[in-house]
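Here is a short round of questions on how some structural labels are earned. Each answer sets a value against its criterion.

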Amino acid sequence: MVFCNTMHLDQKVSLKPFHTFGMEAEARYFVEAKTHSEVLTLLNYRHMIHMPILFLGGGSNVIFTGDFSGIVIRINSKGIVIREENENQVLVTAEAGETWDEFVQYCVSRGWAGLENLSLIPGTVGAAPIQNIGAYGVEVKDVIESVQVVEINSGKQKRFTTEECQFGYRDSIFKRDLKGKVIILNVTFRLDKISELQGNRVTGLQGNRVTGLQGNRVTGLQGNRVTGLQGDRAAESQSESVTGLSLLKLDYGDIRPELEYLGVSVPTISDVREAVCNIRRRKLPDPAEIGNAGSFFKNPLICHEHFISLQDRFPAIPFYPLAPDNDYLAEKASRPAAHTISEGAVKTAYAKIPAAWLIEQCGWKGYRTGDAGVHPNQPLVLVNYGNATGLQIVGLANQIMDSVYRKFGITLEMEVNVIS
Ligand code: FAD
Ligand code: EPU
């Protein structure tokens, strides 16, 4: 059915191609908004529709536990615009429907630094601020200047500053208070320009697609590493004009060994992107081959007291120490709903524990029941081997959460958005 001249409203649409977990689920109605103004037009119709509404980007952080008896609006608006630039920095706005990794590639190829560690994360630009996507020592909040939203009920537009976004670890105001209340229309990033040599040395990276995540080899799993959560961008940017090298975040996990393997001694942002892509392809299952939504759970934050008691019982427990100035982590750790700090008065988060380790210690790594499973190399990733239902995956997630709680007194929190 044609809707508003350009948009097609389809009925009874299978959502299987529109999310990475790959389970069968049907939307009562489905429509794709290909421009910013189509999104706004659809909002005008919302008052007439009177049914549940779901905005979907790339579907890489959702799981459906049944059919969706409302209207699914897929946001596919495109466009990248430079707002401002000077010698050192560029302010660039990308529309919500831009594919995240294509946008990263666009920036890296122009020598704009800041996003390279976030290479190959599936999904769209519009969803990136929602859970403050993060990887390899960088969170997207580090480079977001502002987020433009429209309120679903009033149709009013508003630009949120980074402070107003209330970013946290895999968290923001859009995932909490404003969940389902606003649509993200576009995101503006402040990126550092680095010298041509630093930014653009050709490394054969072109053409990386999000679906290219492959391979099951896990390498170099290390515990007890500071993860780069405490990046001091301001201090670093003072020296940016010298080489740009100091801007690079190379200390997380396998980045340096991978650069060494690539034979790179003075890395460019393209090299960092290539290293991150290589590591991710080895570690994470490709959703095109095995359905998944990345990490199913967040890594839990625990207080000092809890950590010490766990370290007594499990001396090998890996952890990421948290910087004392990580206010948002400390604040989050004091909120019982968001995190299970065990009994005991806790005011600050002391450490982040890899949930993968907790899950493996409970014996779940590689577990499979029917087509629902725990990935054999990365137990934080729950997988659909073919015909698992959302309820089966969520049932498995609940069993895992129970056993982790019983063994460690830690309640895991789901990262994935469960749509019922
Ligand atoms: P969707 O799954 O479509 O939507 C997610 C949520 O946001 C839903 O609630 C949806 O309603 C809402 N939403 C989407 N777009 C909008 C909008 N424009 N306005 C309002 N609400 C909206 N995440 C990380 O942080 N780091 C990683 O390293 C990482 N690795 C991953 C690896 C794999 C293999 C996979 C499958 C996922 C991974 N993820 C990772 C999770 C996921 O890629 C991110 O959360 C991503 O930002 C989701 O984008 P999306 O467009 O697919 O969102
Ligand atoms: N580990 C095990 N057993 C395993 C695998 C890992 O014990 O089989 C332990 C090891 O101690 C290892 C640690 O888990 O050092 C961390 O593993 P990894 O470096 O693979 O990272 P992660 O904590 O599992 C997080 C993010 C990922 C992000 C990577 C890289 C969360 C919930 N997940 O994973 O994000 O890509 O770090 O930065 O924070 C996502 O959010 O969907 C996601 C994939």
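The questions below concern a predicted model, starting with a sheet and moving on to the ligands.

Q: What makes β16 and β18 a pair?
A: Pairing takes at least two bridges between the strands. β16 and β18 (residues 351-352) have two bridges, in the antiparallel sense. They therefore meet the cut-off. Within this pair, Leu-301 faces Lys-352 of β18.

Q: Why are β16 and β17 said to stand at the edges?
A: The open sheet runs in the order β16-β18-β17, with antiparallel pairing. β16 (301-302) and β17 (320-321) each have a single partner strand, so one side of each lacks a neighbour in the sheet.

Q: Why is ligand 2 said to lie between two domains?
A: Its shell draws residues from domain 2 (78-289) and also from domain 3 (291-419), so ligand 2 lies between them. Helix α10 (residues 355-361) contributes the most to this shell, three residues.

Q: What makes a residue part of the surroundings of ligand 2, and which come nearest?
A: The C-beta atom, placed from the backbone, must lie within 6 Å of the ligand. For ligand 2, 23 residues qualify; Gly-294, Ser-295, Pro-354, Ala-356 and Trp-357 come nearest.

Q: How do you know whether the shell around ligand 1 is charged or uncharged?
A: Asp, Glu, Lys and Arg count as charged. The shell around ligand 1 has 19 nonpolar and 14 polar residues, and no charged ones. It is therefore uncharged by residue class. The shell around ligand 2, by contrast, includes five charged residues.

Note on methods:
Residues are numbered from 1 along each chain as its sequence is written. Chains are lettered from A and ligands numbered from 1 in the order in which they are written. This is a predicted model: local features need pLDDT of at least 70, side-chain atom pairs count only at pLDDT 80 or more; totals for chains, interfaces and linings use all residues. Helices (H or I, at least four residues) and strands (E, at least two) are DSSP runs, numbered from the N terminus. Domain bounds come from an automatic or database domain assignment.
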